[in-house]
Amino acid sequence: MNKKYTAMISILMAGTVLLAGCQKAPRQDNTLTKPIDEVAALGEFLPAGAELLTPKKAEKKQSIYMEDLNKDGNQEAFLLYRDPNDNRQVHMMFLVKENGAWQKKADMETGFIDVDTFDLADLDGNGTQEVTLGGGLSDSGHDNQLYIYELQNGTLEQKAELSYDTLQISDFNDDQMPDLMVLSKKENEMRTAGLYSYAEGRINPISEIELDPEGTLEHVALGTLADGKKALFADSGIGAHSMLTEIIVYENGNLKKVGDPSDSILMKPYPLYSRDINGDGIVEVGGMYIPKGYEDAAMADIPFLYTYKDYCSDGSFQTVEERYSDSGRHFYVTIPTELHENVTIKRLDNGIHLISTVGDKVLFEVKWAPQDAVPANSTVLGTAKDIVFYSEWKEETKIPTSAFHLMEEEIN
């Protein structure tokens, strides 16, 4: 993808963080002639009490972006902030560094209550990067608006806008230019995924596909399939507690959905989000199945086994990982490949056994207790706050102790 990442300045934020100089009264002119430090220099232009904002979808926590958009040798800077004196709406300040001095060119009111996304990318391939700014118009989290700006004759001009629920910018059709993948809900409540390009100051539709009308979007992941195809993974709640994953790709001039939506991976009884679980760059789809012996149990009593699969664009898939997961106690146990779909669960008092469905042999044991109640000579598997996870099983098992993980390990 012919997209140049912007030069970034990271700003560490904890709650409300202000740049050095924010507390001072605004300057009377629009030029700062002695920038000892770029961050502090740009901060001098912010109004008193301004709150810097980080886009929700930012890969790096930052509120200031710097780049030479049109390669004229002058750097442009963008500050995203909330003005407490202007109904706390989001502002985007635009500055240009000319002859070694920063000059404020514009301070734009957006009407947003928060910032969803901000990007600098050459969307139309003309050698100049466009500015894309998306934000929320309400507290719903789904009522978002995208604005696209171009730098023309030193002025930042708004060229196009688009309403959306969720937005991803990436090269989906392999034309070496970023596209806009938009998930949205139409006035008739129809949910759609649309692919758009940007050219000559306009957003142009490429293809659109309907999504399941019963779904409520909860999570979106952008990544690749096992065959290298770029895809969008939309995880939506269905009914009281089920979840449907819709995989969307661009193929032969149109968007299409991958896989059978009725299979036990894409449609699951409880939420399980799509993600790259093993760090290989491929997004896995999470599913779950009922272990042997629980076929007639109530849904709430079933210890589902989770399975994560890589999909190809033709709908085929393969299992990457299987695990038993206890979300209440925040641990999971990965199951070796040779045991996939051959494990069931036996509940103990303050513990569980993973049992082979062939021969009923114990494959792994996890028990838990307060630290002062852990039996002597037990094997400690992990510790979380006031609880210790351990095993007293002395016989050799087919699942090693290294298969035990605390869920916080994945978060960190």
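Reader: Where is the place of H330 in this structure?

Author: H330 sits in the loop between β23 and β24 (331–335). Strands (E, at least two residues) and helices (H or I, at least four) are DSSP runs, numbered from the N terminus. This is a predicted model, in which local features need pLDDT of at least 70 and side-chain atom pairs count only at pLDDT 80 or more, while totals for chains, interfaces and linings use all residues. Residues are numbered from 1 along each chain as its sequence is written, and side-chain values use heavy atoms, with hydrogens and water left out.

Reader: What makes the phi of H330 worth noting?

Author: Its value is near 65°, which is positive although the residue is not glycine. Most residues other than glycine have a negative phi. N377 also has a positive phi, near 70°, and is found in the loop between β27 (362–370) and β28.

Reader: Why is H330 called buried, partly exposed or exposed?

Author: Buried means under 20% relative accessible area, exposed means over 50%, and partly exposed lies in between (1.4 Å probe, protein chains only). H330 has 48% and therefore counts as partly exposed. N377, with 70%, is exposed. P213, in the loop between β15 (202–210) and β16 (216–224), is exposed as well, at 58%.

Reader: How do you know that β28 and β29 pair, and in which sense?

Author: Two strands pair if DSSP finds at least two bridges between them. Five bridges join β28 (residues 379–384) to β29 (residues 387–391), and the two run antiparallel. One of the bridge partners is I387 in β29, which stands opposite A384. The hairpin of these strands has two residues between them, and K385 takes a positive phi near 55° there.

Reader: What makes β8, β9, β10 and β11 a sheet, and is it open or closed?

Author: The four strands form an open sheet in the order β8-β9-β10-β11, with antiparallel pairing. β8 (114–121) and β11 (155–164) are at the edges with a single partner strand each, so one side of each has no neighbour in the sheet. Neighbouring strands are turned by 20° against each other on average, direction ignored. Such angles, on a scale from 0 to 180 degrees between N-to-C directions, compare axes that are lines fitted to C-alpha atoms. Within this sheet, β9 (residues 130–136) and β10 (residues 144–152) pair over six bridges, and T132 stands opposite I148 in β10. In general, strands of a sheet pair through backbone hydrogen bonds.

Reader: Why is the contact of D116 with K57 called a salt bridge?

Author: A salt bridge is a side-chain nitrogen of Lys or Arg within 4 Å of a carboxyl oxygen of Asp or Glu. The closest N and O atoms of D116 and K57 are 2.7 Å apart, and the pair therefore meets the limit. D116 lies in strand β8 and K57 in the loop between β3 (51–52) and β4 (64–67), so the bridge ties together parts that are 59 residues apart in sequence. D116 is buried, at 6% relative accessibility, whereas K57 is partly exposed, at 35%.

Reader: How many salt bridges does this rule give?

Author: The count comes to 14. Among them is E200 with R202, whose closest N and O atoms are 3.4 Å apart. E200 is exposed at 67%, and R202 is partly exposed at 47%. E251 and K256 form another, at 3.0 Å; E251 is partly exposed at 25%, as is K256 at 26%. E51, R82 and R88 are linked in a network of salt bridges.

Reader: What makes a space a pocket, and how much space lies in the second largest pocket?

Author: On a 1 Å grid over the protein atoms alone, a pocket is an open set of points where a 1.4 Å probe fits, with protein on both sides within 12 Å along at least five of seven lines; lining residues have an atom within 4 Å of a point. The second largest pocket holds about 560 Å³, a volume being the space filled by probe spheres set on the points, which are joined across faces, edges and corners. Of its 25 lining residues, Y306, S325, D326, S327 and M407 are the closest to its centre. β23 gives the most to the lining, with four residues.

Reader: How does the lining divide into nonpolar, polar and charged residues?

Author: It has 15 nonpolar, four polar and six charged residues. Ala, Val, Leu, Ile, Met, Phe, Trp, Tyr, Cys and Pro count as nonpolar, Asp, Glu, Lys and Arg as charged, and the others, Gly among them, as polar.
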